[in-house]
Amino acid sequence: MLTGRRVLIVEDEILIAMELMDIIEDVNGRVVGPVRTNRDAIRLIEHEHLDAAILDLNLADGEATPAAHRLIAARVPVLVCTAGVLPREMRLAWPDLPIQRKPVEPRRLVAALASLCERAPA
């Protein structure tokens, strides 16, 4: 479902990041990152080809809104993965942003990412 797809993981909790990496790699996806901060995510967004991104909302350097802005501006499909609530600014800007609740269920996560990749503009 994700064979060869480059998926950026933006997650500041190392154990969760490792779990997400395993899920992506188990379906032959290619992991970019993981990164823990908006700054590091933005650097990768600007320099890497990405097919999709998994974005935690609370990063080591604050709320993930800056990374979300860059991803969406770059037309990279974003899947929010959080135990929290989407911040108001993000809800207003992107009301249809897909969310997976933590703890993630691997099959649902992969299916959601595959769907995003299929719908992404070329």
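The following exercises, each with a worked solution, introduce one predicted model.

Residues are numbered from 1 along each chain as its sequence is written. In this predicted model, local features need pLDDT of at least 70, side-chain atom pairs count only at pLDDT 80 or more, and totals for chains, interfaces and linings use all residues, while side-chain values use heavy atoms, with hydrogens and water left out.

**Exercise 1.** Find how many helices and strands the protein chain has, and in which pattern they follow along the sequence.

*Solution.* Begin with the definition: helices (H or I, at least four residues) and strands (E, at least two) are DSSP runs, numbered from the N terminus. On this basis the protein chain has five helices and seven strands. Reading along the sequence then gives the pattern β-α-β-α-β-β-β-α-β-α-β-α.

**Exercise 2.** Decide whether Thr-65 is buried or exposed, and describe its surroundings.

*Solution.* First locate Thr-65, which is found in helix 3 (residues 65-73). Next apply the cut-offs, by which buried means under 20% relative accessible area, exposed over 50%, and partly exposed in between (1.4 Å probe, protein chains only). Thr-65 counts as buried because its relative accessibility is 5%. Then look at contacts, where contact means heavy atoms within 4.5 Å: leaving aside neighbours within four places in sequence, Thr-65 is in contact with Asn-38, Glu-89 and Met-90.

**Exercise 3.** Work out where Arg-75 lies, what its phi is, and whether it is buried or exposed.

*Solution.* Arg-75 is found in the loop between helix 3 and strand 6 (78-82). Although Arg-75 is not a glycine, its phi is positive, at about 65 degrees. Because its relative accessibility is 52%, Arg-75 counts as exposed.

A second residue can be treated in this way: Asn-28 lies in the loop between helix 1 (14-26) and strand 2, and Asn-28, which is not a glycine, has a positive phi of about 65 degrees.

**Exercise 4.** Locate the cis peptide bonds that lead to Pro-34 and to Pro-103, and state omega for each.

*Solution.* Start with Pro-34, whose place is in strand 2 (residues 30-35); the bond that joins Gly-33 and Pro-34 is cis, with omega about 5 degrees. Continue to Pro-103, found in the loop between strand 7 (99-101) and helix 5 (106-119), where the peptide bond from Lys-102 to Pro-103 is cis, with omega near -5 degrees.

**Exercise 5.** State what share of the residues of the protein chain count as buried, and give the box that its C-alpha atoms fill.

*Solution.* Of the 122 residues of the protein chain, 47% count as buried. Taken along the principal axes, the box filled by the C-alpha atoms is roughly 35 × 35 × 25 Å.
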